[in-house]
Every structure is written in C-alpha cells, then in structure tokens.
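Please examine the sequence and the coordinates shown below before reading on. The paragraphs after them offer a guided reading, to be followed with the model open.

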There are 2 protein chains.
Amino acid sequence: MSDVAATGISVLLVDDHPIVRQGYRRVLESQGDLHVVAEADNAADAYSAFKAHDPDVVVLDISMPGASGLEAIRNIRARSPRARILVFTMHNEAVLVKAAFGAGASGFVTKSSEPSAVVNAIRSVARGERAMSDDIAHILAEDSLSPTGSVLDQLGEREIEILRQFAGGATTEEIATHLNLSVKTVQNYHYLIKTKTGARTDAQLVRLAATCGLTKI
Amino acid sequence: MSDVAATGISVLLVDDHPIVRQGYRRVLESQGDLHVVAEADNAADAYSAFKAHDPDVVVLDISMPGASGLEAIRNIRARSPRARILVFTMHNEAVLVKAAFGAGASGFVTKSSEPSAVVNAIRSVARGERAMSDDIAHILAEDSLSPTGSVLDQLGEREIEILRQFAGGATTEEIATHLNLSVKTVQNYHYLIKTKTGARTDAQLVRLAATCGLTKI
DNA sequence: TTGCAGCTCGGGCAAATTTCCCAAGCCGGA
DNA sequence: TCCGGCTTGGGAAATTTGCCCGAGCTGCAA
C-alpha cells in the first residue's frame, strides 16, 4: 500500500464473468497508474486473493444479489480494516448502497458510469476518500428526502430473511422448516412484510425483493 | 462484409454499460482480426448503428430481460436477413436461448464463457455458422430431453397474458377487470398456469415470467 | 361431414391460506 | 425502570386454492 503516488495503485478485480474481468483489466491497465495484481470470480476467492496480494483497492463487481457480496466486504474488512473496497455493480438500489457502505465499502459506482468516472473512483478510494458515482449520489439524496426511507430498511432482519426466501420461491412451510419457526409465524411475517412495504400482491413482493437486490432472478 | 479473411471482421457492440463496452472493445481489438466499428447502448441505437455501419457481426449484450433484446434482433434481421447477431448475456434460460435463435440470432454465448470462446464464436458467426457456448449447448440439450418442452410454449395466449399481468403485480380482480373476465376465470387460469408450469408458488411464477422475458423487473 | 382436440370461460365446494387483531417474552436505549 | 421495537405465535373471519366439472367455440383431420 505504501507510496501510491510513486508505485501506482494495485487492484484486485472481483467479477464472476471472465471476459468482463479481462475487459476491465485492460481498461484499468491502460491508465498507467492502475495495476491489476489479481482477479477472483467469487467471494471466497476474493478473500484469499486479498490475503495473498494485499491490493490497494478491491474492485468488487459480483452480481451482488445474494448477500455474498456484502459478506465478502465484511470478511475483507474484518481482516484488514484499512482495506479499500469499491463496489462496482449494475444495481442501484438505495438499500443496497447503504448496505455496502455499512459493510465497509469505500465507494459505490454503477456500471452505467463513464469509464473515466470509474477510474477516478478507484483513485479516490485509494487515497482513502469515499467515492460514488453521480447516479448513486442522486439515489441516496432522494432516499434521504423520502420520509418513508427506502422500503427495505423498515424491515427487521428476520423479515428480510423471510422475504428473501419467499422471493426465492420457497413456500411458507419450507421457510418455517428452514428457520425452525411455526408456519403461523411465517404467515404473519408474510403479511407484515406486505403491509410494511405496501405490496398488495406476492408478485409485487418478489419484484420488490428483486429490485432491491435481495434476490436474483 | 465482403472479404472477411482479408479485411478482418467488423463488429457492432451493443451493451448498456459504457465501461463494459470499452472492456469488450479492448478484448476484441487485441485479437487483430476483430474491429469494433460502432457501439450502442440500447435497441434503437443498435438498429441505426447497424444501418449506418453494416457490420459483419453484431455482439448484443443488453441485459435482455425485457423483450427489447429480441426486438432488436428482429428489427435488424428484418432489415437485412444476412445480418449475423451473436447474443452475449449472463442469462442462460433455455426459453431465452430458443427465443433468441427464433428471432434470428446466429449465436448465443454466456458471459461465464472464456474470452477465447467468445472471440471464436464471433469468428464462427462471421463465417455464417451457428455458434453457442458449451453451457448453452448443455442447457438446450437438457431442455430437448425434457418431455415438457420449454415451459412457456405450453401456455395458451390467454394464459400468457394473465401470467404477464400477474407477474407485473396485478391482483386477480384487476386482471379480471382489465380483460373483462370473471374473477373465477382468472383464478382458474392462475391455477392452471401453476400446474402447467410446475410452479408451486406465486413467487416461482414471477421468477419464471421474468426469466422468460415475459416481464421485466 | 363428423368428430376430436384444445382453448376459453365459468360454477361449485372443501381445504388451505390470508388477513387482521391480540398477547407475551426479550432486549436495548432513554 | 419503562417504553418501543423485534420476534414469536394464537384465533377467527374472509379470501383464495385446488380440483372437478360442463359448455361454447375453433380448427383440423379423417
């Protein structure tokens, strides 16, 4: 990590698609000061690659739906709190952004950003600054103005877990079994989640979970 | 299009994320024989870029859930039936693959493929051959062995319409009103669709509709 | 032409689920 | 300590599902 200005910025690239990784690698290395020292295609490998290479910045581009992205952030930060992690994803839900920063990310950039914005974000993060793309800033700004907050953060941990499993296609009984709860309790959560989120339909619930990155489709 | 061997292969890149596009561009151009002559980030632009540049191959990487990807394929093929289109996406549903080929795609490669597989697919498609990545071939093979066929084409027109509205978040009553049907009829369709598709849950139904491009999320 | 097959539309009725309302234990903060 | 929020579930009415049924229509094929 030492002298960034002199040695350039070492980057660990995490993305589950090989070609995408190769593409990013070329874009980043064409900048001169950015060097991709390792790649990974899943959370576990990302963690071991981080331990092995101690990069200045981790660019995390996993599809994110599962909590695996957040877990990867937490794992890395738990090991080395000075790690700089830039989340780079196509998702732009306020909840997800907040969750990422809460888990310890230093930056959040969407794929719709210009390449220059991305490399600048990497440099900012490497300097220890917080970074986010314009669209993310707007989304967070909107979110902070809305009195309701952002749909999902009005849900408790248990509610989120049940919503995730439900949106994943599990039946009420299956969820009850998984979580060792009474069917009645799961039914009540189901109802509670619907009223809290304002979803009138199971389908709306699934869409909500999907747009929030709670589940992938 | 003329002499591919001598002039190389001209490529139109369609993807909604600029950095992803730039990454692909670099990967492709490093091959020597592949030249990215234009880029587009949506279906409409893809069509006009195609008209303007008449590329040998269109590499189409839109996120695809919406039908816009299929429409882009149909539009381009309608204008010039000899167009070669290689779909390049993270989705790997058999229905989607079939739909893409049905719409006139020449190839289908997933993002989990190796970069070499992708560039080889582009070359194959440019030669007029059909191309698909190994995982897609397996998925189609599996699908062809399943007696059920491809999930959605066992549904009637009305069933598909009701599934679309349902997955879009409409209640049973709303659907009945929209289509001027009895609530009971819609309920019966709902049930029928579930049994036909094998979905045990409304959530699974929504996911099915989404992966089939019936609804976007 | 007849007849079969499949789609569309809905009734009926028991079983299951959802919808609300309520209560109790637990825990963290004021 | 007390309040508020999370978690866990019971109860009962209302609604929906699951499944079976019939009827009208269309197209296709014998």
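The account below moves from the overall make-up of one chain to one of its helices, then to two loops, and finally to the DNA.

The model is predicted. Chain A contains eleven helices and six strands. Of its 217 residues, 51% count as buried. The surface that chain A exposes amounts to about 9300 Å², and carbon and sulfur atoms supply 50% of that area. Among contacts in chain A between residues at least 6 apart in sequence, 63% join residues at least 24 apart.

Helix 3 of chain A may be taken next. At its start, a side-chain oxygen of A:N42 reaches to within 2.7 Å of the backbone nitrogen of A:D45. Within the helix, A:A46, A:A49 and A:F50 are buried. Viewed down the axis of helix 3, the buried residues fall within an arc of 105°, and therefore they line one face of the helix. The face turned away from this buried side carries A:A44 and A:A52, which are exposed.

Just after helix 3 of chain A comes A:D54, with a positive phi of about 45°. Most residues other than glycine have a negative phi. A:D54 has its positive value although it is not a glycine. The residue is found in the loop between helix 3 (43-53) and strand 3 (57-60) of chain A. With a relative accessible area of 29%, A:D54 is partly exposed, because this value falls between the limits of 20% for buried and 50% for exposed.

A second residue of this kind is A:N180, which is not a glycine and yet has a positive phi of about 60°. Its place is the loop between helix 9 (172-179) and helix 10 of chain A. Is A:N180 buried or exposed? A:N180 is exposed, since its relative accessible area is 70% and the limit for an exposed residue is over 50%.

Helix 11 of chain A, residues 202-211, includes A:D202. A:D202 has a relative accessible area of 15% and is therefore buried. Which residues are in contact with A:D202, leaving aside its neighbours within four places in sequence? They are A:F166, A:H190, A:K194 and B:D202. With A:H190, the side chain of A:D202 makes a polar contact of 3.2 Å.

The DNA remains to be considered. Strand D is surrounded by 16 residues, and the closest are A:R158, A:K184, A:T185, A:N188 and A:Y189. By class, the surface near this strand has three nonpolar, seven polar and six charged residues. Of the atoms of DNA strand D within 4 Å of the protein, 60% belong to sugar or phosphate, and the rest to bases.

Individual atom pairs illustrate both parts of the strand. On the backbone side, a phosphate oxygen of DNA strand D is 2.4 Å from an N or O atom in the side chain of A:R158. Turning to the bases, a polar side-chain atom of B:K184 lies 3.1 Å from a base oxygen of DNA strand D. A polar side-chain atom of B:N188 lies 3.0 Å from a base nitrogen of DNA strand D. The elements that give two or more residues to the surface near DNA strand D are helix 8 (157-167) and helix 10 (183-197) of chain A, together with helix 10 (183-197) of chain B. Helix 10 of chain B supplies the largest share, six residues.

Notes:
Residues numbered from 1 in each chain as written. Chains lettered and ligands numbered in written order. Predicted model: local features only at pLDDT ≥ 70, side-chain atom pairs only at ≥ 80, totals over all residues. Heavy atoms only, no water. Near = heavy atom within 4 Å. Polar contact = N/O pair within 3.5 Å; in protein donor to acceptor, adjacent residues only side chain to side chain. Helix = DSSP H or I, 4+ residues; strand = E, 2+ residues; numbered from the N terminus. Nonpolar A, V, L, I, M, F, W, Y, C, P; charged D, E, K, R; others polar. Buried < 20%, exposed > 50% of the residue type's maximum accessible area, 1.4 Å probe, protein only. Contact = heavy atoms within 4.5 Å. Areas by Shrake-Rupley, 256 points an atom, 1.4 Å probe, with all protein chains shown as cover. Arc of directions from axis to C-beta.
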